[in-house]
Every structure is written in C-alpha cells, then in structure tokens.
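I opened this one to go through strands, a helix face, the ligand shell and a few odd backbone spots. These are my notes, in the order I looked things up.

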Amino acid sequence: MTEQSPALDNLLTESRTFPPSDEFAAQANAKADLYAEADADREAFWAKQAERLTWDTKWTTVLDWTNAPFAKWFVGGKLNVAYNCVDRHVESGHGDQVAIHWVGEPGDTRDITYAELKTEVSKAANALASLGVTAGDVVAIQLQMVPEAIFAMLACARIGALHSVVFGGFSPTALRARVDDAAAKIVITSDGQFRRGKAAPMKANVDEALEGAETVEKVIVVKRTGDKLEGEVPWTDSRDLWWHELVDGQSEEHTPEAFDSEHPLFILYTSGTTGKPKGILHTSGGFLTQTAYTHHNVFDHKAGEDVYWCTADIGWITGHSYIVYGPLANRVTQVVYEGTPNTPHEGRHWEIIQKYKVSIYYTAPTLIRTFMKWGAEIPEKYDLSTLRVLGSVGEPINPEAWIWYRENIGANKTPIVDTWWQTETGAIMISPLPGVTAAKPGSAQKALPGISAKVVDDQGNEVGPGGGGYLVLDKPWPSMLRGVWGDEERFKETYWSRFSEQGFYFAGDGAKYDNDGDVWLLGRVDDVMNVSGHRISTTEVESALVSHPTVAEAAVVGATDPTTGQGIVAFVILRGNAADGGEAAIQELRNHVAKEIGPIAKPRQIMVVPELPKTRSGKIMRRLLRDVAENRQVGDVTTLADSSVMDLISSGLKSGK
Ligand code: WT7
C-alpha cells in the first residue's frame with residue numbers, strides 16, 4: 001500500500017459519487033423528505049422519534065434549553081431503558097428471536113434470545129440489588145466482549161445505577177483513576193481474557209488497581225478463561241464474588257422501575273486536551289431516542305430480517321450506542337465477537353459474516369486498511385452476499401479505503417455510511433442516509449435530519465462553499481452529553497467557551513465544505529490524537545513519560561500513519577546521567593507508557609533529543625515536531641525562543657541518537 005493519510009488533501013480532490021440503487025432506495029427506512037420534515041419543526045420531529053420508545057409517563061416538554069448548555073429532553077417523561085431494550089420485545093411476541101449471536105475467540109458460541117436476555121438481565125439486576133446497589137450508584141465494568149458485559153450494562157440501566165465501562169486494555173492505573181473519579185461501589189470483571197489464542201489475566205490487574213480503593217465494596221468476577229489461565233486468580237474473600245455464584249441463584253423476575261428521562265444512564269471516560277480523562281455523562285430518554293433513531297435510519301435496520309454486526313468494543317462509545325442501546329431498542333439480531341480479527345486466521349470476520357448471514361457491518365477505517373494490507377484474496381474466499389449496508393466510524397476514511405471496502409466487501413454495490421460523531425454526542429450526527437444520499441468516498445456529508453452542524457471560521461461565522469474551519473453543532477440534540485462528571489467548569493470550558501457568544505458546541509474537529517455544501521472532516525484541531533479510532537491525549541502520554549525516572553521532559557505528537565490513522569511519536573529529553581538513550585532504554589519507556597495508560601497508548605516511536613522547540617512563553621511547538629515525525633521539511637521557526645533548537649534536534653536524529 002502506498003503512503004496515504006486519511007485526513008488530507010487527496011480526500012478533497014475525490015469527486016466520484018455513488019448514489020443508492022433504485023432497488024435500495026425504494027425499500028429504505030429513510031426517504032429524502034425526512035430532512036424537510038425535521039426542518040419544518042425540529043421539536044415535533046424529535047417527539048415523533050421518541051415515540052419509538054415505550055414510556056411509562058409521557059413527557060410534557062420536548063426540550064428545555066433555558067439553562068444552556070445543560071439540556072433537558074423529554075422533560076417529565078419516565079421510562080426504563082432496559083425494559084425498552086429487552087422486555088418489550090418479549091411482550092410483543094419476539095421472545096424467541098435471537099438478540100445476540102455471541103462468538104468467543106476460541107470458537108465457542110452462544111445464541112441468546114430476547115427471552116433469555118430478559119432472564120439474564122433480570123437475574124443480574126436482582127444480584128446487584130442484593131449487594132445494595134440502588135439508583136444513582138456507580139458500577140465500574142472492565143470486561144472483554146462477553147455476554148455478561150451486556151447483561152451487566154442493562155442490569156445497571158434496569159435499576160437506575162450508572163455504569164462506567166472501562167476498556168479491557170486499560171492499565172490498572174487508568175482503571176483506578178476512573179473508579180476513584182466516579183466513586184464506583186462495585187467493579188465487574190473477569191478472571192482472564194482470550195487474546196490472540198492466549199489466556200491473559202484480568203482479575204490480577206483489577207486487584208492491582210483496587211489496592212486501597214475505598215469506595216469499592218464488591219468485585220464481581222465472570223469466569224471466562226477458567227483453567228486455561230496460568231496461576232491462581234487472586235481473591236479477597238470479603239470482597240470478591242464469582243458472577244455465576246452470585247447471579248445464577250437469583251430470581252428470574254425483576255420489575256423494571258421507570259426513571260426520569262434525565263436520569264443518568266452512564267459515564268464514559270474519554271481523553272481531552274489535559275492529562276485527566278473526562279467522565280462524559282449521558283442520560284436516558286434523549287440518548288435512547290437518538291441512538292434508536294439513527295440505528296434505524298443510518299443502517300436501514302429492519303427488525304427480524306437483518307443480522308447486524310458492529311465490531312466495536314463495549315469499552316468505547318460505539319459499543320454503548322451501537323451494540324447495546326440503539327440496536328437492542330430496535331430489536332436487533334446481532335453478532336457480538338470476543339476476539340481479534342486475525343485469530344485464528346485473517347478471514348475470521350468474513351467467516352463470521354458468512355456463517356450468520358450478516359447484512360449490516362459497521363467497523364473502523366483502521367481495520368479496513370488492515371484488511372487491505374492482508375489482501376483482497378482473503379474476503380474473496382467467503383460468501384459475503386448477504387451484506388447490504390456497510391458503515392465506518394472513528395476517523396476520516398480515506399477514499400482508497402472507502403473504495404476498497406465497497407469493491408471487496410460490498411460487492412461494488414452496498415451503500416457505505418461514513419458516520420461522524422463523538423463520545424460526547426452520544427449518537428451519530430453527520431452521515432449519509434443509505435437510501436437517499438449519493439455517497440462521496442471520504443465525506444460524512446450532511447447532518448442527519450433533526451441535527452444541525454456548521455463549519456465556521458475563527459469568529460464563528462459560517463464559511464462558504466469550499467471553505468474550511470471548525471466543526472460546530474449549533475443546536476442541541478437529544479443524545480448530547482449532559483456534563484463532565486463532577487466538573488461543571490470543565491464541561492463549559494471545553495465545549496462551550498470557544499464560541500460562547502453564538503452558543504455553539506465546539507467539537508474539536510477541523511472540517512471543510514465542498515462546493516455542494518457537503519462536510520469533510522479533517523481531524524482534530526486540539527492536542528488529541530486519533531490512533532486506530534481511539535482518542536488519546538498528547539498530554540496524557542507526556543505525563544506517563546515524565547513519570548519515568550530517566551525522563552526530564554517529553555513532547556508527544558500524532559504523526560500520520562498509513563494503517564492506524566495517526567501514530568504516537570514522542571520526543572524525550574533524558575536526565576543528565578540517566579539512561580543512554582539506547583534501544584533498551586527506549587523499549588523500557590514504551591513499556592512504561594503501556595503500563596501507565598494501556599497498550600493502545602504505546603508510542604510508535606520515541607526519539608531522544610537534546611532540546612524541545614519552545615516559544616518564548618514556553619509553549620512546546622508541536623507543529624514543528626510533527627514536521628520531524630512526518631519527515632517533512634521543518635516549517636516556520638521564527639517564533640521559537642531559540643531557533644537553533646530544530647537544527648540540534650535534526651542533527652541529533654541523523655546521528656542516530
Ligand atoms: C473523534 C471522536 C464516534 C465513535 C468513535 C470515536 C473522530 C469519529 C469520524 C468520522 C472523521 C471521525 C473525530 C471525533 N471521528 N468518526 N466518520 N470521520 N472523524 O469516538 O473516541 O469520542 O472520538 O473521532 O475526530 O472528534 P471518540
């Protein structure tokens with residue numbers, strides 16, 4: 001594959017369009033008039049979408065924006081989110097429909113019907129209640145993609161507890177920070193997880209994380225790897241419980257209680273521009289309305305007919321919104337896969353699609369580019385003819401990857417939906433509609449009906465056709481974040497201060513209009529990197545590096561990477577007489593970052609330098625470091641306090657230091 005970067009220039013010269021076939025358009029859930037309907041009366045439109053859900057008490061006001069930026073949607077309404085995702089499908093006669101085709105990495109499988117899901121979620125809810133968990137409590141979940149992860153999330157929703165799911169790849173330090181920040185009362189994890197054919201410990205890491213954690217009363221442990229895991233599972237009798245021992249004996253009956261539309265549903269931590277992750281808060285009625293609405297229209301999902309597969313992990317927002325809440329509210333039949341895409345072979349995804357006749361497949365550009373590298377002859381061996389909609393999320397998709405996806409996975413005919421959204425937005429915001437939009441490879445195109453987005457300049461004025469600037473959301477939306485956990489100021493400062501005069505939400509992404517007015521996303525404009533669709537802050541990696549005794553100073557940049565979108569490149573100044581900067585010392589630093597944050601944050605490259613480029617006020621000029629990391633001629637250095645620094649860095653690098 002040639003050098004190509006997702007967010008960039010080549011993408012803006014792409015001019016091919018791919019309209020939906022007449023056949024697809026005719027059967028599509030969303031027709032073109034949806035835009036006009038939403039524009040005519042936004043609140044009436046959203047009220048209609050909220051009717052997708054079953055409410056115990058109907059709302060009195062659709063939107064209360066009087067206390068902006070704190071929104072209230074469907075004010076006065078009451079509902080139970082888990083009831084909406086599970087029980088009502090059983091009550092409407094679909095108890096025998098498979099909700100989840102679960103596929104374990106070693107090849108074990110489990111089909112879970114809606115009736116079984118109801119039983120499992122009810123038992124888990126009773127189990128949590130038996131431990132004293134009540135509405136408003138926080139339950140931290142660090143689990144791989146096992147069915148219990150979904151049962152646990154829905155059990156929390158059922159009793160009004162908030163879950164805080166922590167990605168399985170996060171380090172003990174990262175887990176602890178999240179447990180403490182939300183004062184989690186319960187932690188749910190597993191003994192170990194299968195990763196690339198091997199059993200790796202989970203509980204041992206959780207124990208390390210929880211040493212001295214005062215808020216945690218109980219740790220519930222799902223037995224997954226059992227005797228495949230080497231060594232004992234560390235155990236604290238007074239605190240730890242096996243999931244099966246706790247849950248299996250519980251009653252299968254649990255009456256869901258209706259909670260306020262604005263009752264908190266979950267917290268999910270994401271990286272910002274500072275070192276400390278933000279706990280993004282989502283609530284119930286608006287979140288479920290928009291995730292269900294978008295899942296229905298963007299993926300053209302037909303309950304009882306489609307087999308859907310979103311390859312995300314529940315540790316990220318995509319897993320929350322498009323594995324658990326939106327799809328289950330829409331009575332999906334979906335595949336949930338535990339493992340990596342190349343275990344035991346590089347055709348694993350296609351084999352699963354063939355076996356379960358998957359019709360809607362939603363994945364990330366980084367994985368598509370990996371599939372490209374593995375070669376088109378791999379998917380070619382499988383029957384992928386059931387696929388009818390393909391989705392992409394997480395970063396801008398480069399046109400080459402888009403075209404490859406359509407040709408090799410989509411038989412040159414399936415619509416591709418490139419969906420732009422964020423942990424904070426809760427649900428898809430900008431995306432083609434598969435039966436309506438003439439798709440353009442590389443562009444997320446238009447705000448969905450009911451959503452309003454603009455590209456604006458520094459002053460907040462909308463730019464014209466062909467113009468570029470910042471992406472803002474200029475009207476509130478149902479699944480918007482309701483705050484940053486425990487930090488009102490940070491919420492206002494991060495998202496609402498940049499364009500406070502206009503009251504716009506600042507997304508942190510650069511964007512551009514083409515001459516048709518379609519939106520092209522151009523990547524982050526802040527110090528947030530996007531590595532394989534995961535958000536990692538430069539500051540977070542820098543703090544991890546300087547916490548190592550040999551490092552005096554560190555600066556981190558995201559450099560364009562042909563597979564992962566961006567790769568983490570670190571520049572470090574070592575302490576005088578510490579390490580020599582040799583290969584071993586660099587490995588040690590990479591591992592240190594993995595240990596502090598998690599393997600996803602491991603720098604691709606660490607360069608030892610004698611100085612860092614700084615402005616007179618002491619700010620590190622990352623732009624120049626990015627030039628070095630991307631092997632470009634270094635740009636304008638006139639604002640540096642000492643303009644010879646870049647020469648020093650470059651010559652140091654050439655000499656191999
Ligand atoms: C950031 C949000 C949304 C779920 C996964 C990531 C980037 C996301 C796209 C897309 C261009 C995209 C943005 C955004 N992003 N989707 N289709 N095209 N960029 O959620 O971790 O909150 O990251 O991902 O930069 O701000 P997240």
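**Entry 1: a hairpin**

How many bridges pair strand β4 with strand β5, and is the sense parallel or antiparallel? I count on a predicted model here, so everything below is read from that prediction. Strand β4 (residues 98-103) and strand β5 (residues 109-113) are antiparallel, and five bridges hold the pairing. I picked one pair to look at: Trp102 sits opposite Arg110 of β5. Between the two strands of this hairpin there are five residues. Gly107 has a positive phi there, near 115°.

**Entry 2: the four-stranded sheet**

Next I traced an open sheet of four strands, and its order reads β21-β22-β24-β25. The pairing is antiparallel. Which strands are at the edges? They are β21 (453-456) and β25 (519-524), each with a pairing partner on one side only. I also checked the twist: on average, neighbouring strands are turned by 45° against each other, direction ignored.

Inside the sheet I looked at β22 (residues 468-473) and β24 (residues 505-513), an antiparallel pair joined by five bridges. Tyr470 has Gly510 in β24 as its bridge partner.

**Entry 3: the ligand shell**

β24 and β25 came up again when I turned to the ligand. Which element gives the largest share of the shell? That is β24, with three residues. At least two residues each come from α12 (317-329), β20 (416-419), β24 and β25.

I then listed what surrounds the ligand: 22 residues, of which Pro396, Gln422, Thr423, Leu521 and Arg535 come nearest. Sorted by class, the shell has nine polar, eight nonpolar and five charged residues.

**Entry 4: one face of α4**

Which residues of helix α4 (residues 42-50) are buried? I found Trp46, Gln49 and Ala50. Viewed down the axis of α4, these buried residues fall within an arc of 100°, so they line one face of the helix. That fits the textbook spacing: an α-helix has 3.6 residues a turn, so residues three or four places apart point the same way. I also asked what lies over the buried residues of α4, and the cover includes β1 (61-64), β2 (72-75) and α11 (285-298).

**Entry 5: cis peptide bonds**

β1 and β2 led me to the loop between them, where Pro69 is found. The peptide bond joining Ala68 and Pro69 is cis, with omega about 5°. I noted another cis bond, from Thr343 to Pro344, with omega near -5°. Pro344 lies in the loop between β17 (334-337) and α13 (348-356). Why write these down? Most peptide bonds are trans, and most residues other than glycine have a negative phi.

**Entry 6: positive phi outside glycine**

With that in mind I looked up phi for two residues. Arg196 has a positive value, near 50°. It is found in the loop between β9 (192-195) and β10 (198-201). Buried or exposed? Arg196 counts as exposed, because it has 11 C-beta neighbours inside 10 Å.

Lys357 also has a positive phi, near 55°. Its place is the loop between α13 and β18 (360-363). Lys357 is partly exposed, since 15 other C-beta atoms lie within 10 Å.

**Entry 7: two buried threonines**

I looked up Thr225 in the loop between β11 (218-222) and β12 (240-242). Is Thr225 buried or exposed? It has 22 other C-beta atoms within 10 Å, and the cut-off for buried is 20 or more, so Thr225 is buried. Leaving out residues up to four places away in sequence, Thr225 touches Asp191, Gly192, Gln193, Phe194 and Ala199. I also took a C-alpha to C-alpha distance: Thr225 and Met202 are 9.8 Å apart in space and 23 residues apart in sequence.

Thr538 belongs to helix α18 (residues 538-546). Thr538 counts as buried, because it has 24 C-beta neighbours inside 10 Å. Which residues does Thr538 contact, leaving aside neighbours within four places in sequence? They are Asp527, Met529, Val556 and Val557. For a long-range pair I took Thr538 and Ala30, which are 508 residues apart in sequence and 40 Å apart in space, C-alpha to C-alpha.

Key. Residues numbered from 1 in each chain as written. Predicted model: local features only at pLDDT ≥ 70, side-chain atom pairs only at ≥ 80, totals over all residues. Pairing = 2+ DSSP bridges. Axes fitted to C-alpha atoms, helices over the stretch in contact; angles between N-to-C directions. Buried ≥ 20, exposed ≤ 12 C-beta atoms within 10 Å, placed from the backbone. Arc of directions from axis to C-beta. Contact = placed C-beta atoms within 7 Å. Near = placed C-beta within 6 Å. Nonpolar A, V, L, I, M, F, W, Y, C, P; charged D, E, K, R; others polar.
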